[in-house]
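Welcome! Below is a short guided tour, written for someone meeting this structure for the first time. Take a look, and then read on.

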Amino acid sequence: MLTRRTALSLLAGSLALTCSLMPASAQAPEKLKVVATFSILGDLVRNVGGDRVELTTLVGPNGDAHVYAPTPADARRLTEAKVVFTNGLKFEGWIDRLVKSSGTKAARIEASKGIKTLKEEGHGHGHDHGHGGTDPHAWQSVGNAKVYVANIRDALIAADAEGKAAYEANAASYLAKLDALEAEMKSLVAGIPNDRRKIITSHDAFRYFEDAYGIEFVSPQGVSTESEASAKDVARIIQQIKREKVSAVFVENVSDVRLMERIAQETGAKVGEKVYSDALSEPNGPAGTYIDMMRHNIRAFSAAMSS
Ligand SMILES: [Zn+2]
């Protein structure tokens, strides 16, 4: 029978052995587990969080967050997270139920908080798509993305005070990149004749872009991909393209290409390069980051309007 003392010293010995076998990285401070609901937001969180966060993005590249169906694995990720970042503005119609079913205690942060919202009204549609009348695609203006970044920075500091200096430095350097991006976009738009600044896209995802950069967008489908374009809306757009001699129509990576191909066929307009509205491309694609996405879109639009 072991004496109490022998048992303790055996225990201490095995603890010492365990510790000495642990790799150095396991002793580093644990990363802050955070979740972002979709790829564009995930990229902003990654830029501010850097090495201190372990990020999971729920709706990945080319995924449609309007109509996403969460999985049991998503619920587990929420349970483990300390912070959950959402776009808000009713973009993620599925998030309330997911948060509830996961039982997560994570802080829930709406990254769009504080932006000046635009009403969902379309160009003469007037019908509501059940999204409470607010257009959720606020990230399509770089000015709004800067608000997202500030909200992300503040939320990460609140959850991980030790990282304050790192989050502030990351945010400041990323905000400077966003300023440079926006200057580049504005100078591209300035080179397009005023009367040509009109773009047709399949779903109404670019109204913040329109508001910020002075290009007019027209779409047969509303702000959510959930609802289909009505025959009346399609006919209206076909007439408008013919009347105003619009040269190209665009399809977003989350939309069905067939409707726009039909519109192109009936009007003689070209189908322009694929653009990215609600999700990034794969990392090695043309829109693997938020900055690359905005740059790709403005170049595609301006090429079509200038030619
Ligand atoms: Zn959308």
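## One helix, two sides

Which residues of α8 are buried? They are Asp-233, Val-234, Ile-237, Ile-238, Gln-240 and Ile-241. Please keep in mind as you explore that this is a predicted model. Around the helix axis these residues cover an arc of only 165 degrees, which puts them on the same side of α8. Turn to the other side and you will find Ala-231, Lys-232, Gln-239 and Arg-243, which are exposed.

What covers the buried residues of α8 includes the strands β5, β6 and β7, along with α9 (257–267). As for its dimensions, α8 has 14 residues and spans 20 Å from its first C-alpha to its last, close to the 20 Å expected at 1.5 Å a residue.

## Just after the helix

Follow the chain out of α8 and you come to Lys-245, whose phi is positive, near 50 degrees. Lys-245 is a residue other than glycine with such a positive value. It sits in the loop between α8 (231–244) and β7 (248–250). Is Lys-245 buried or exposed? It is exposed, because its relative accessible area is 69%, and the cut-off for exposed is over 50%.

A second positive phi belongs to Leu-89, another residue other than glycine, where the angle is near 60 degrees. Leu-89 is found in the loop between β3 (83–86) and α4 (95–102). Leu-89 counts as buried because its relative accessibility is 18%, with the cut-off for buried being under 20%.

## The open sheet

Some of the strands that help cover α8 also belong to a sheet. Here 4 strands form an open sheet with parallel pairing, in the order β6-β5-β7-β8. At its edges are β6 (216–218) and β8 (270–271), each of which pairs on one side only.

Look between those edge strands for β5 (residues 198–201), which pairs with β7 in the parallel sense over 2 bridges. Within β7, Phe-250 stands opposite Thr-201.

## An enclosed strand

Now for another pair of strands. β1 and β2 pair in the parallel sense over 6 bridges. One detail to look for is Phe-38, whose bridge partner in β2 is Val-59.

How many residues of strand β1 are buried? In β1 (residues 32–38), 6 of the 7 residues are buried, so the strand is largely enclosed by the rest of the structure.

## The zinc site

Which residues are the protein donors of the zinc ion? They are His-66, His-137 and His-203, each through NE2, and Asp-278 through OD, at 1.9 to 2.1 Å from the ion. The angles among the 4 donor atoms run from 89 to 117 degrees, and the site is tetrahedral. For comparison, the ideal angle for four tetrahedral donors is 109.5 degrees.

Along the sequence, the donor residues follow the spacing H-x70-H-x65-H-x74-D. His-66 lies in the loop between β2 (53–59) and α3 (72–80), while His-137 lies in the loop between β4 (107–110) and α5 (142–159), so this pair ties together parts that are 71 residues apart in sequence. Both of these donors are buried: His-66 has a relative accessible area of 5%, and His-137 has one of 0%.

Note on methods. Residues numbered from 1 in each chain as written. Predicted model: local features only at pLDDT ≥ 70, side-chain atom pairs only at ≥ 80, totals over all residues. Heavy atoms only, no water. Buried < 20%, exposed > 50% of the residue type's maximum accessible area, 1.4 Å probe, protein only. Donors = N, O, S within 2.8 Å, 3.2 Å for Na, K, Ca; no water. Tetrahedral: all angles 85-135°; square planar, octahedral: opposite > 155°, others 65-115°. Pairing = 2+ DSSP bridges. Expected span 1.5 Å × (residues − 1). Arc of directions from axis to C-beta. Contact = heavy atoms within 4.5 Å.
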